[in-house]
Number of protein chains: 4
Amino acid sequence: MARQSVAHTELCGATPDRIEVRGRDLNELIGKLSFTEMFLFHLLGKSPSPLQLTLTEAVMVAIMEHGLVPTAVAARLTLLGAPESYQGAIAAGLLGVGDRFAGTASECALLLDALAAAPEAERSQLAVATVGAFRRERKPLPGFGHPLHKDGDPRVARLLAIAREAGAPGRYIHALAVLEGAVSQVLGRKLPVNVSAAIAVLLREAELPREVIRGVVLTARCAGLVGHLHEESAVPAGEEMWEAAERAVPYRRPGERS
Amino acid sequence: MARQSVAHTELCGATPDRIEVRGRDLNELIGKLSFTEMFLFHLLGKSPSPLQLTLTEAVMVAIMEHGLVPTAVAARLTLLGAPESYQGAIAAGLLGVGDRFAGTASECALLLDALAAAPEAERSQLAVATVGAFRRERKPLPGFGHPLHKDGDPRVARLLAIAREAGAPGRYIHALAVLEGAVSQVLGRKLPVNVSAAIAVLLREAELPREVIRGVVLTARCAGLVGHLHEESAVPAGEEMWEAAERAVPYRRPGERS
Amino acid sequence: MARQSVAHTELCGATPDRIEVRGRDLNELIGKLSFTEMFLFHLLGKSPSPLQLTLTEAVMVAIMEHGLVPTAVAARLTLLGAPESYQGAIAAGLLGVGDRFAGTASECALLLDALAAAPEAERSQLAVATVGAFRRERKPLPGFGHPLHKDGDPRVARLLAIAREAGAPGRYIHALAVLEGAVSQVLGRKLPVNVSAAIAVLLREAELPREVIRGVVLTARCAGLVGHLHEESAVPAGEEMWEAAERAVPYRRPGERS
Amino acid sequence: MARQSVAHTELCGATPDRIEVRGRDLNELIGKLSFTEMFLFHLLGKSPSPLQLTLTEAVMVAIMEHGLVPTAVAARLTLLGAPESYQGAIAAGLLGVGDRFAGTASECALLLDALAAAPEAERSQLAVATVGAFRRERKPLPGFGHPLHKDGDPRVARLLAIAREAGAPGRYIHALAVLEGAVSQVLGRKLPVNVSAAIAVLLREAELPREVIRGVVLTARCAGLVGHLHEESAVPAGEEMWEAAERAVPYRRPGERS
């Protein structure tokens, strides 16, 4: 007996004269939905609520652009060497959206989920234990700390205010506050909440599955990289960046002392 | 005397308490702009017009998802082998948005730009010459033909209707009509306009620079791939697709005849 | 006081008339070293021993090609869509060399290292505990199991024989045998050792750092993908593979039962 | 009647107890062939000649490493942001091996092929015409010029000497000399031959198809990037390079003059 295949897709089916996305005629969606509405409809299989839409838009606007971060530099350097492959430069930039900088929102969401799931009376204790564990293992706490915005990333307060104004239930806002308190208690000083934590809070308040948080970040960053490549074509900066990077790291013959 | 550096960026500058994007306080944009408004503001350096916004949204909604196209298959197969690298799977998918399928909109825009720039009396003749040249070199004409939608991609009529309703000036809509006429004349039969041509028309009617068309496509496809990876995690199809692909291309010992 | 920079590179320095790689004149290496000798010299900073060279060559030959695996399919599908970007197709293929299939050798090396470091009397017990832990967490044991080569990957015996003949010290060969014994004991049946385990054994016997194992695999696979793209250009198979993959995963309207 | 499929692969077929690569038992190749022999056998479908092997090894050794070039910087910056995805950092580096720097060898081979195919009496004239055309279009001539090695890349003389010593037939060596002469004649000054031209000469003397030249370059660069990531893990330089790159390109508010 043949194996019964269960593999299927619910995303899209096309016949010669009709394209259907998640059960809806695509032509009825074009011109009706905004990009973000379509993104969420495609992802979740149902129309997003106003809250989901507001929070996702805010997050995507907030993280599209943050200057010449490593991913933007990598994209521009890749275009410098391979101008024939625009998509290659975009891909090179996105490959750096990983666990260390831009992609930490999903790691932070993991911590917030655990706190939000715990009984209220135990949350502070759990948060202190969590922060303590990261400290002992000398691992950076996802969602906290920033090399430049040492007194707090300006986007954080704005994003949290939007969540409150939009009527977010508040479970993850609260979980972040508990975590922030634990950080102060364990470290004996404040460590600024960074934008990854705010992303995690807003997208979990919007009930997006934790696994797609990085996907939202990647899409917003993709748009940002399009702007970088456009500027790079008009006002090239790649060679200057390369030369500066190269000069910053001199060759040392093995065995030589600096 | 030191070389006077002219490299600079106008995209973003950050100080400890303020992030500025193209001269505006980012915090004033978060919560005010939609993702697509921000994308266009970031790209163009000024607020998009209602027409620009409407056309860009329509294009991005139209091309986010088109089923298990090669880029979606590549992304899912990459996740299968490297589940630890979400961004790697997205990047693998985007790398296939190239000259042949998804990326032909910019090639088509090149033809439309040339037609739109020609004196009206010469356009038909230029279009016939262009189609003839592609035919002689046996190269596919960008924006025409589709393996499934042989009588026309359903998205095309919808997108062009939106452009007209939104009050697009019509230069590129007209250029496409001229090109379509030339195709019929040279080939002696109709060849369907595909969605890449419609993308080219709408984004050029929106006065987006030709060089960023592929960037708009990549961003919309990035969002679509997020949906594919989300479905792949919930309802895995990668192994079935791999096995089917492998079976379709059997090993033949060198020298053996089929 | 300015921060004292310690960033430097010992890999390569160039002056207008001389290129130096790790302290040696590159021109004295060209024509003298084979590719693999140069690879190891560049990596380790000293000439490889005959044993290191033999084992690395054997591994790289063994894993260059294994048919239409997911990474080869992804590379060919990417070339199909973006023929203008050869490096994009190669990159797409390499992105799938991850934790699940091709990249498990480094995970397996982690287990072998722990066993090799344990006192001999405790190794069996540690191996049983390790296998038991993977089983309880229902995680696949790195280096064991293969969908096709159920009685053992033919490359494994060959690679281990080469290691023995070449005079490898045998610590990791022994560790693998202990692990294999533990698998039989815990599972009550044999599970075949796969090629990732053999790669781990040989490269650790060659004293390559565990962190570079995936780099050796990627380089060998890169060479293999070059062959795939060359064949794809001559005898295209991408469209057949795509169509087969697409047919294998039909669209199901949400709510429909299969 | 069903369509007769002709898609097939001659690269590899596996049964449970045997893996065959291009008609040969893989186990008979492991331990017998060096990596480069296997690479060429896999690519060409037959054992390489001693000349082919010598020239390919020389090329791959020559281009594995050339310091902190843009591709190496991009790979290190990608690892900085996404340490969990080693293959992502390698892929990001390879994506910059394109038409402008590292990938120009295939463009140069195109010119050399045309010269080698022309009757001897017409070669000089064709070369002058070619150089003139590039000059008029203000396009860089593939294989000529280098920002640092202004009097000639030291690798070039070495590679050409190896080709002569190894008994290369000399068609492409001659074609390069003709092209070099034309450059001097048209420009009125010498422009140094760079390593891409030497790669093109040697690989065409080895009768490798022009289309795989970039594949050889990518494989050698892949090995080089493995060394960079290994050094980056031991002696991190990514943050210094990022900061230097960022400082080199300051933010300028739109409308501000520098």
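This report describes the contacts between chains, the symmetry and one sheet of a predicted model.

Residues are numbered from 1 along each chain as its sequence is written, while chains are lettered from A and ligands numbered from 1 in the order in which they are written. Because the model is predicted, local features need pLDDT of at least 70 and side-chain atom pairs count only at pLDDT 80 or more, whereas totals for chains, interfaces and linings use all residues.

**Contacts between chains**

Two residues are in contact if their C-beta atoms, placed from the backbone, lie within 7 Å. Residues are classed as nonpolar (Ala, Val, Leu, Ile, Met, Phe, Trp, Tyr, Cys and Pro), charged (Asp, Glu, Lys and Arg) or polar (the others, Gly among them). The two contacts are set out below.

| Contact | Residues from each chain | Classes on one side |
|---|---|---|
| Chain B with chain A | 75 residues from chain B, 75 residues from chain A | chain B: 39 nonpolar, 23 polar, 13 charged |
| Chain A with chain C | 23 residues from chain A, 23 residues from chain C | chain A: nine nonpolar, nine polar, five charged |

Helices (H or I, at least four residues) and strands (E, at least two) are DSSP runs, numbered from the N terminus. On the side of chain B that touches chain A, the elements that each supply at least two residues include strand S1 (12-15), helix H3 (50-63) and helix H8 (154-165) of chain B. Helix H11(B) gives the most to that side, with 14 residues. On the side of chain A that touches chain C, two or more residues come from strand S1 (12-15) and from helix H5 (86-94) of chain A.

**Symmetry**

Copies are superposed by least squares on the C-alpha atoms of residues with pLDDT of at least 70 in both. Chain B is superposed on chain A by a rotation of 180° with 0.0 Å of shift along its axis (RMSD 0.0 Å). That is the relation of a two-fold axis. Of the residues of chain B, B:Ala91 comes closest to the rotation axis, at 2.4 Å (C-alpha). The same surface serves both copies, as 100% of the contact residues of chain B recur in chain A.

Chain A is likewise superposed on chain C by a rotation of 180° with 0.0 Å of shift along its axis (RMSD 0.0 Å). Here 100% of the contact residues of chain A recur in chain C.

**A sheet in chain D**

Two strands pair if DSSP finds at least two bridges between them. In chain D, three strands form an open sheet in the order S1-S2-S3, with antiparallel pairing. Its edge strands, S1 (12-15) and S3 (24-25) of chain D, each pair on one side only. Four bridges join S1(D) to strand S2 (residues 18-21) of chain D, and D:Cys12 stands opposite D:Val21 in S2(D).
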